[in-house]
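These are my notebook entries on one protein chain. I set out to look up its overall make-up, its core, its aromatic pairs and a few single residues.

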Amino acid sequence: MDLKAENSSNGLASELNLEKIHRIAAELILPGRFMVRLLNAALEFVTNLLARVLGSNLVRRHFHLMLSGLVLFGPVLSFWVSKYSIFANSNHYLYRKFLKSTWGWTCILTGSFILLLCLSARHSLSLTLRHLSRIGIVGVLWLGCQRLLTLLEDAAGTCYEPMTPVQDIQSPASPVQPLLLLHEDQTKASCLRARMLWRGYEVSQDVLIICLCCLLLVEEMSVFGIHLARGKAHQRSPGAPLRFIFLLCAVLLVIWLFLLLCLLAYFPSFPAQQLGGALGYLGWRGLYQGWYRLRPSWGCPGLPGEGLFTTVGTQKQPQQNGTCDESEV
């Protein structure tokens, strides 16, 4: 009898413990759900605002002009910036982690955005691969430009070794001009590694890739507003992962613009930076304003959003702004 009473009391105690645990868990889950809903609402508000801005005609049609003005007149800021600023140090964290891998960051985030956008709009593998091929084409273009510019710089430049001559004893106050010993058959990379002096024409590859990545990001992200409008018409909202990747792409665009401004202000190099910006602009112009406007096929990936927001057979001709218009939704 005592054994049964002991067992019943143990069972009652375990039930009370389980109820207490469930009550504590419910109290913890409620604030967590509230925070998740709050963060989700903030994410929707910010991404909707950014999509409206990046999808506006003002940005899509005139962003390249703003970028060109920044490259042309940005070096003027060097008269006002302080040489003791943390951004005047070429070994700054931003330069080491972002500037040296500009294309890698852009390729990963933009490729992820295009992949999620295509899967959200149309569940078509061939269409997804065709839109992703735009990133591959830009990557091939960048690698080709790197190789070509390196060859041109090696062919147009010369390597010198500074040598200080022996000073005349009779004229100790006369300034000593260092002699330059010519080294032939030296590339720019090997010359600088040997701590020698390289003189020649060059093009800023950092400014080239930053300008190209900024123009690419604006082109690819400008169609997100159309996707939001299409989802609203069908009472279907894009998922949080797509919105989050879009937000990361927008943050990356701000970082590239800030790094470009720092390069122009703290490390001005005329006309190397302006030539790099011009080549980046020509690359964007030839692809997004030229080749991608052709009829979409396996030989042409088409413009961003083309085929995603219209049904087959009802696609209209691309607008002059380079993307589908909201009237096609």
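**Entry 1. Overall make-up.** I began with the contacts of the protein chain: of those with a separation of 6 or more, 75% are between residues 24 or more positions apart. I note that the model is predicted. I then looked up the secondary structure, which comes to ten helices and three strands. Read from the N terminus, the order of the elements is α-α-α-α-α-β-β-α-β-α-α-α-α. The chain has 329 residues, and 36% of them are buried. For the accessible surface I recorded about 19900 Å², with 64% of this belonging to carbon and sulfur atoms.

**Entry 2. The core.** I looked up the largest nonpolar core and found 61 residues in it. Phe113, Ile210, Trp256 and Leu260 have the most contacts inside this core. Helix α7, residues 205–221, supplies the largest share of the core, with 13 residues. I followed Leu260 further: leaving aside residues up to four places away in sequence, it touches Leu67, Leu70, Val71, Val207, Ile210 and Cys211.

**Entry 3. Aromatic pairs.** My search of the whole structure returned eleven aromatic pairs. I examined Phe87 and Phe258: the ring centres are 5.2 Å apart and the planes stand at 80 degrees, so I entered the pair as edge-to-face, the cut-off for that class being over 60 degrees. The two residues are 171 residues apart, with Phe87 in the loop between α2 and α3 and Phe258 in helix α9, residues 240–266. Phe258 has a relative accessible area of 34% and is therefore partly exposed.

I next took Phe113 and Phe246, where the ring centres are 5.8 Å apart and the planes are at 40 degrees, so this pair is tilted. Phe113 lies in helix α4, residues 102–121, and Phe246 in helix α9, so the pair ties together parts 133 residues apart in sequence. Both Phe113 and Phe246 are buried. I also noted one aromatic cluster, formed by Phe98, Trp105 and Trp256.

**Entry 4. A surface patch.** Which residues make the nonpolar surface patch of about 790 Å²? I listed Leu72, Phe73, Val76, Leu77, Phe79, Trp80 and Leu261. Of these I looked up Trp80, which is found in the loop between α2 (57–73) and α3 (93–97). Trp80 has a relative accessible area of 66% and so counts as exposed, the limit being over 50%.

**Entry 5. Histidine 227.** Is His227 buried or exposed? I found a relative accessible area of 4%, so His227 is buried. Its place is in helix α8, residues 224–233. Again without residues up to four places away in sequence, His227 touches Leu117, Ser120, Ala121, Pro238, Leu242 and Phe309.

**Entry 6. Two loop positions.** I looked up Gly239, which lies in the loop between α8 and α9. Its relative accessibility is 35%, so I entered Gly239 as partly exposed. The C-alpha atom of Gly239 is 9.7 Å from that of Glu44, although the two are 195 residues apart along the chain. I then turned to the peptide bond between Phe270 and Pro271, which is cis, with omega about 0 degrees. Pro271 is found in the loop between α9 and α10 (272–288).

Technical notes
Residues are numbered from 1 along each chain as its sequence is written. This is a predicted model: local features need pLDDT of at least 70, side-chain atom pairs count only at pLDDT 80 or more; totals for chains, interfaces and linings use all residues. Side-chain values use heavy atoms; hydrogens and water are left out. Patches are made of residues with over 30% relative accessible area and no salt bridge: like charges are joined within 9 Å, nonpolar side chains (Val, Leu, Ile, Met, Phe, Trp, Tyr) within 5 Å. Accessible areas come from the Shrake-Rupley method with a 1.4 Å probe; for residues, only the protein chains shown count as cover. A salt bridge is a side-chain nitrogen of Lys or Arg within 4 Å of a carboxyl oxygen of Asp or Glu. Helices (H or I, at least four residues) and strands (E, at least two) are DSSP runs, numbered from the N terminus. Buried means under 20% relative accessible area, exposed over 50%, partly exposed in between (1.4 Å probe, protein chains only). A nonpolar core is a set of buried Ala, Val, Leu, Ile, Met, Phe, Trp, Tyr and Cys residues joined through side-chain atoms within 4.5 Å. Contact means heavy atoms within 4.5 Å. Rings of Phe, Tyr and Trp (its six-membered ring) pair if their centres lie within 6.5 Å; planes under 30 degrees apart count as stacked, over 60 as edge-to-face and the rest as tilted.
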